[in-house]
Each structure stands twice: as structure tokens, then as C-alpha cells.
Amino acid sequence: MVEIAPSLLSANFSNLQKDLDELKKSNIKYLHIDVMDGKFVPNISFGFPIIKAIRKDNDFVFDTHLMIEEPIRYIENFKKCGSDIVTIHYEACSNLDETIEKIKSFGMKVGLSFKPKTDINKIIPYLEKIDLCLIMSVEPGFGGQSFMEDSLEKIKKIRALIDEKNLSCLIEVDGGIKDFNLKKVIDAGVDLVVSGSDIFSNNENSISRQVEKYKKIINE
Ligand code: DX5
Ligand code: ZN
């Protein structure tokens, strides 16, 4: 069953819990949390205090997407503030294996992501060592961008490899997902779909109605 991971980046930060309560009522399991450092990506989002604050009253799976340089420096901090999954970027780690091991040593799940221009063949050797492969379908850094169509081929390729080797690694897609392209990524083989602006700031529907719309497409 495909799960939705709404991206906190597009939520209303002046009344965050209201949006989170709406997700809860809609039985959302995963919350996608984008952390940006202004260096790995040209934007700064939020950090530990926010994650720690929302951890108290919310039991979503905290799917933390780290768009930061050398995340190995902060793995313990993310454990302490409540991350369940820590996704790091291939391009951001000078010692990727060590970073993966460190995340595991704190009992968290490991995700690995890569920018749209990175050669997918560089990711393949890691599929056996990680819990989640996050395919970026926009340049990381900002919400509200358009889906890059060539991501579909990447999803299909990774899906085929995971199935062929019978690996437990999940596939997540992130960036430009809307109700009208959701079916395409599901058909390509994703397990987890990140959606930010289309869920939190949809022109036609409230958060819960938009989640319902997604669920209907998933169940078709
Ligand atoms: C972009 C982030 C995304 C972003 C997605 O760097 O990784 O998670 O919030 O936003 P939408 O769904 O609006 O493209
Ligand atoms: Zn993200």
C-alpha cells in the first residue's frame, strides 16, 4: 500500500499544530521533514527546536530529509529530537558508508537521496545497505516546483533492481507531486509519496479533502 508523506515545509508555521491535527484525522502515518542548511541547497528551512517541539504531541513516522553538508556531524541531534528515518544526500557526504553506519547505530532507519543530475548508477550499490531510496523529482531546496518527468524512469529502474534482488528498501519520490501526476509515480513503483504544496496549500481543497483525493487515487 502506497503511503503519503506530507512535507512540513509547506505547512502553516503560524499554526502548525492545526495542520498536523488535520493530517492526524486523515490517518496520515508519515511526516516528511525537510532540513536545509543554505549551503548544500540555496535555502534554509528549520532545525532541531521545531522537530523536537512537534515530536511531543505527534506520533507520525518522522521522515527527516537532510539537505545539509556532512550530516554525520548531526546524527545524534536528530536522534535526540525524534527522527525515525534519516535521509542523507549522496552528494553531501565525504564518507557515505560511515554516515550510513552512524545513523543505524542510533537505531534509526537510513534513507539515501540524490540530486536529479547525479548518475543513478552511483546509488545502486547502496540499495542493499539502506532502508529507503529517495528519488528527487525536482532540484532540492524549494517546495512548489514542477515534477521532472525523467524521474519516472529512475523509479522504474530502482523498482526493478529492488524486486530482482528481493530487497526491503522502500522507494520514495519527492518534488512536484500533485493529484494529477500521482498515478504515474504509483504505476512506476513508489512506496512513499512526498507532497508539500499540493496538500497544504491547495487552491480547491482543505488538507483533509486533498488527502482523501490522494487516497482515492492510491486505492484505485
Ligand atoms: C524540496 C523538498 C521537498 C518539498 C516538496 O527540496 O525536499 O520535500 O517540500 O514540495 P512540493 O511537494 O511542493 O514540490
Ligand atoms: Zn524533501
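This is a short tour of ligand 1, the cavity that holds it and the largest pocket.

Before you start clicking, note that the model is predicted, with local features needing pLDDT of at least 70, side-chain atom pairs counting only at pLDDT 80 or more, and totals for chains, interfaces and linings using all residues. Residues are numbered from 1 along each chain as its sequence is written, chains are lettered from A and ligands numbered from 1 in the order in which they are written, and side-chain values use heavy atoms, with hydrogens and water left out.

**Stop 1: ligand 1 and its shell.** Select ligand 1 and show the residues with a heavy atom within 4 Å of it. You should find 20 residues, the closest being Ser 7, Gly 141, Asp 174, Gly 196 and Ser 197. Colour them by class (Ala, Val, Leu, Ile, Met, Phe, Trp, Tyr, Cys and Pro as nonpolar; Asp, Glu, Lys and Arg as charged; the others, Gly among them, as polar): seven are nonpolar, eleven polar and two charged.

Next, turn on the cartoon, where strands are DSSP runs of at least two residues and helices of at least four, numbered from the N terminus. Strands E2 (30-36), E3 (61-67) and E8 (192-195) each give the shell at least two residues, and E2 has the largest share, with three.

**Stop 2: polar contacts.** Look for pairs of N or O atoms within 3.5 Å. Oxygen atoms of ligand 1 lie 2.7 Å from a backbone N or O atom of Gly 141, 2.8 Å from a side-chain N or O atom of Asp 34 and 3.4 Å from a polar side-chain atom of His 32. The protein covers 100% of the 380 Å² of accessible area that ligand 1 has on its own (Shrake-Rupley, 1.4 Å probe).

**Stop 3: the cavity.** Now hide the ligand; its space is the largest cavity. On a 1 Å grid over protein atoms alone, a cavity is where a 1.4 Å probe fits but cannot get out, and lining residues have an atom within 4 Å of a point. The volume is about 220 Å³. Of its 26 lining residues, Phe 142, Gly 143, Gly 144, Asp 174 and Gly 175 are the closest to the centre. Helix H7 (197-200) joins E2, E3 and E8 in giving two or more residues.

**Stop 4: the largest pocket.** Finally, select Tyr 30, Asp 84, Lys 109 and Asp 131, which are among the residues lining the largest pocket, an open set with protein on both sides within 12 Å along at least five of seven lines. This pocket holds about 160 Å³ of space, and its lining has six nonpolar, two polar and three charged residues.

Definitions and conventions: Polar contact = N/O pair within 3.5 Å; in protein donor to acceptor, adjacent residues only side chain to side chain. Sits in = over half its atoms within 2 Å of the grid points. Points joined across faces, edges and corners; volume = space filled by probe spheres on them.
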